[in-house]
Amino acid sequence: MKPWLDNSRIVQGLLAHDRSVLARAITLVESTREQDRRQAEDLIELCLPHAGSSIRIGISGVPGVGKSTFIEALGQRFLQHPDAAVAVLAVDPSSPLTGGSILGDKTRMAALSAHPRAFIRPSPSSGGLGGVQRRTRETIVLCETAGFDTILVETVGVGQSEVAVASMTDCFLLLLLANAGDELQGIKRGIMELCDLIAINKADGDNAQAAEVARKQYESALHYLGRSVPVLTCSALTGHNLVGVEGQLAEFFENARKTGVFDRKRQQQSVQWMDEAVRLLIEQKAADHAGDLRQQVEQGHISPLKAARLLVS
Ligand code: GDP
């Protein structure tokens with residue numbers, strides 16, 4: 001395989017907004033080879049001073065709720081601003097090892113992927129949630145270094161991946177449908193507590209009225225949970241009230257910056273990032289050295305707890 005560029009050339013390329021360098025840099029951070037990991041760690045270190053100035057929005061919802069249609073439409077609205085540059089990333093820990101990703105698929109966002117100021121990257125296709133999460137965090141840093149000022153991180157509404165995405169974004173937006181049972185939409189109290197904004201999508205045609213009913217229901221459910229989260233209706237397909245969603249997002253960021261919540265969240269997320277990195281490093285090291293001990297545990301020569309302590313020390 002062709003050797004990677006060296007890190008200083010990658011940084012130069014990123015700062016010059018070079019797309020092909022960005023794509024190669026992302027491939028580097030997605031690599032699991034030890035040598036690549038070390039280069040990737042150094043690269044992220046070099047990029048961090050240039051990163052952090054974007055807004056990061058997590059977008060979640062069950063398959064079929066309209067995430068890609070919504071991102072396609074919202075992304076284009078953002079891009080109406082002549083200086084805007086939008087990157088779309090995906091966190092899909094469920095994607096099969098061989099089949100690639102079901103999310104962030106370029107063919108689903110035709111207009112955005114053809115736009116010169118948009119960049120779409122599907123989810124890394126293996127490594128479990130921990131690995132996908134780490135690589136997405138690093139990819140955010142690379143995209144920001146390459147000049148993207150809006151990062152949209154898409155995830156599918158099936159549990160843990162939402163927590164992961166909320167831990168790497170500033171604002172978590174949940175897309176819901178009217179008339180779909182909460183059970184069906186995978187809504188658990190935890191997810192309601194994660195989100196900063198809810199949009200009931202497909203509020204068009206015959207569905208518009210039901211969407212408004214659902215909006216009120218969710219609003220009072222959230223009120224009951226003691227959260228004041230704006231709940232809107234919209235249609236990603238017709239564009240109905242996307243201006244409202246955009247307005248709420250703007251208001252959210254304005255407030256978050258004014259109150260210091262924005263900076264505090266980012267600080268907490270840096271610490272979370274470190275904690276995850278520690279876990280991954282330990283898991284990796286343990287996997288590298290566990291062979292003999294695994295056998296001993298299997299044969300009952302040593303207790304699992306004692307073996308674990310030995311391994312970590
Ligand atoms: P995803 O799986 O969440 O990414 O959902 P998609 O964006 O692929 O949308 C699933 C289906 O719903 C597609 O057929 C879309 O055209 C349709 N869809 C998405 N948004 C809307 C909307 O606002 N209104 C209507 N009527 N259909 C929509």
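**Reading a predicted model: cysteines, buried residues and a ligand**

Visitor: Why does the sulfur of Cys195 form no bond with the closest cysteine sulfur?

Guide: The closest cysteine sulfur is in Cys171, 9.3 Å away. A disulfide needs the two sulfur atoms within 2.5 Å. The distance is over that cut-off, so the pair is too far apart for a bond. Keep in mind that this is a predicted model.

Visitor: What is a disulfide, in chemical terms?

Guide: It is a covalent bond between the sulfur atoms of two cysteines.

Visitor: How many disulfides does the structure hold?

Guide: The count is 0.

Visitor: Is Cys195 buried or exposed, and how do you know?

Guide: Its relative accessibility is 0%. Buried means under 20%. Cys195 therefore counts as buried. Cys47 also has a value of 0%, so Cys47 counts as buried too.

Visitor: Arg56 has a relative accessibility of 12%. Why is Arg56 called buried or exposed on that value?

Guide: The cut-off for buried is under 20%. Arg56 is at 12%, so Arg56 counts as buried.

Visitor: Where is Arg56, and which residues is it in contact with?

Guide: Arg56 sits in strand E1, residues 55–61. Leaving aside neighbours within four places in sequence, its contacts include Glu144, Asp170, Cys171, Phe253 and Arg266.

Visitor: What makes Val245 buried or exposed?

Guide: Its relative accessible area is 0%. That is under 20%, so Val245 is buried. Val245 lies in helix H10, residues 242–259. Not counting residues up to four places away in sequence, Val245 touches Phe70, Leu74, Leu173, Leu197, Leu232 and Cys234.

Visitor: How far apart are the C-alpha atoms of Val245 and Ile198?

Guide: They are separated by 9.1 Å. Along the chain, these two residues are 47 places apart.

Visitor: Now the ligand. What makes the pair between Gly64 and the ligand a polar contact?

Guide: A backbone N or O atom of Gly64 lies 2.8 Å from an oxygen atom of the ligand. The cut-off is 3.5 Å, so this pair is a polar contact. Gly66 offers a backbone N or O atom at 3.0 Å from a ligand oxygen. For Ala236, a polar backbone atom is 2.9 Å from an oxygen atom of the ligand.

Visitor: How much of the ligand does the protein bury?

Guide: Taken alone, the ligand exposes 580 Å², and the protein buries 70% of that.

Visitor: Which residues surround the ligand?

Guide: There are 15, and the closest are Gly64, Lys67, Thr69, Asp204 and Ala236. The shell divides into 5 nonpolar, 6 polar and 4 charged residues. Helix H4, residues 67–78, gives the largest share, with 3 residues.

Technical notes. Residues are numbered from 1 along each chain as its sequence is written. This is a predicted model: local features need pLDDT of at least 70, side-chain atom pairs count only at pLDDT 80 or more; totals for chains, interfaces and linings use all residues. Side-chain values use heavy atoms; hydrogens and water are left out. Helices (H or I, at least four residues) and strands (E, at least two) are DSSP runs, numbered from the N terminus. Buried means under 20% relative accessible area, exposed over 50%, partly exposed in between (1.4 Å probe, protein chains only). Contact means heavy atoms within 4.5 Å. A residue is near a molecule or strand if one of its heavy atoms lies within 4 Å of it. A polar contact is a pair of N or O atoms within 3.5 Å; within protein, one must be able to donate a hydrogen and the other to accept it, and residues adjacent in sequence count only if both atoms are side-chain atoms. Accessible areas come from the Shrake-Rupley method with a 1.4 Å probe; for residues, only the protein chains shown count as cover. Ala, Val, Leu, Ile, Met, Phe, Trp, Tyr, Cys and Pro count as nonpolar, Asp, Glu, Lys and Arg as charged, and the others, Gly among them, as polar.
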